[in-house]
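The following paragraphs lead the reader through a single protein model, from its helices and salt bridges to its core and its largest pocket. Please keep the sequence and the structure in view while reading.

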Amino acid sequence: VTALMRGGSLDDHLLLSPDARLRLQRLGFRGSPGLSWPQRLSALCDAARALEHLHLNLILHRDVKTANILLDGALLPLQTRGGERRVYRA
């Protein structure tokens, strides 16, 4: 179960297509679509830390893409949808 992420996906904020704007509107996002460069860098660093955590626990995500990084109403990211994950045991 994933919490409702009113900020849509990182993909929505980078593309800013009409479809992305409609998705954000349906989610109830109240801000202005798009991310500043500092917000983009912050989301990238947060996603990298999440992947590092997975890798340190011998888990490979295998479906990392901007559409799978969801943002809350404050535009803070959450990595989702592992799709096909692999867990490696030593």
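A helix is here a DSSP run of H or I covering at least four residues, and the helices are numbered from the N terminus. The model is predicted. In these terms, D12 is found in helix α1.

The surroundings of D12 are a suitable point of entry. Beyond its neighbours within four places in sequence, D12 is in contact with A20, R23 and L24. Is D12 buried or exposed? Its relative accessible area is 4%, and because buried means under 20%, D12 counts as buried. One of its contacts, R23, is partly exposed, with a relative accessible area of 37%.

Side chains of opposite charge can pair when their charged atoms come close. The side chains of R23 and D12 form such a pair, a salt bridge with an N to O distance of 2.7 Å. This pair links distant parts of the chain, R23 belonging to helix α2 (residues 18-27) and D12 to helix α1, 11 residues apart.

How many salt bridges does a search of the whole structure find? The search finds three. Another joins the side chains of D46 and R49, at 2.3 Å from N to O. Both of these residues lie in helix α3, three residues apart, which is about one turn of the helix. D46 is partly exposed, at 23% relative accessibility. K65 also forms a salt bridge, with D63, and the closest N and O atoms are 3.9 Å apart. Here K65 is partly exposed at 42%, and D63 is partly exposed at 24%.

The nonpolar interior comes next. The largest nonpolar core has nine residues, namely L10, L24, F29, L35, A43, A47, I69, L71 and L75. The elements that give two or more residues to this core are α3 (37-56) and β2 (69-71). Within the core, L71 can be followed further: setting aside residues up to four places away in sequence, L71 touches M5, R6, G7, G8, S9, L10, H13, L76 and P77.

Rolling a probe the size of a water molecule over the atoms shows where empty space is left. The largest pocket has a volume of about 150 Å³. Its lining consists of L10, L14, R40, L41, A43, L44, A47, A48, L51, V64, T66 and I69. Two or more of these residues come from each of α1 (10-15) and α3, and α3 gives the largest share, seven residues. By character, the lining divides into 10 nonpolar residues, one polar and one charged.

Notes: Residues numbered from 1 in each chain as written. Predicted model: local features only at pLDDT ≥ 70, side-chain atom pairs only at ≥ 80, totals over all residues. Heavy atoms only, no water. Core = buried A, V, L, I, M, F, W, Y, C linked by side-chain atoms within 4.5 Å. Buried < 20%, exposed > 50% of the residue type's maximum accessible area, 1.4 Å probe, protein only. Contact = heavy atoms within 4.5 Å. 1 Å grid on protein atoms, 1.4 Å probe; cavity = no way out; pocket = protein on both sides within 12 Å on 5 of 7 lines; lining within 4 Å. Points joined across faces, edges and corners; volume = space filled by probe spheres on them. Nonpolar A, V, L, I, M, F, W, Y, C, P; charged D, E, K, R; others polar. Salt bridge = Lys/Arg side-chain N within 4 Å of Asp/Glu carboxyl O.
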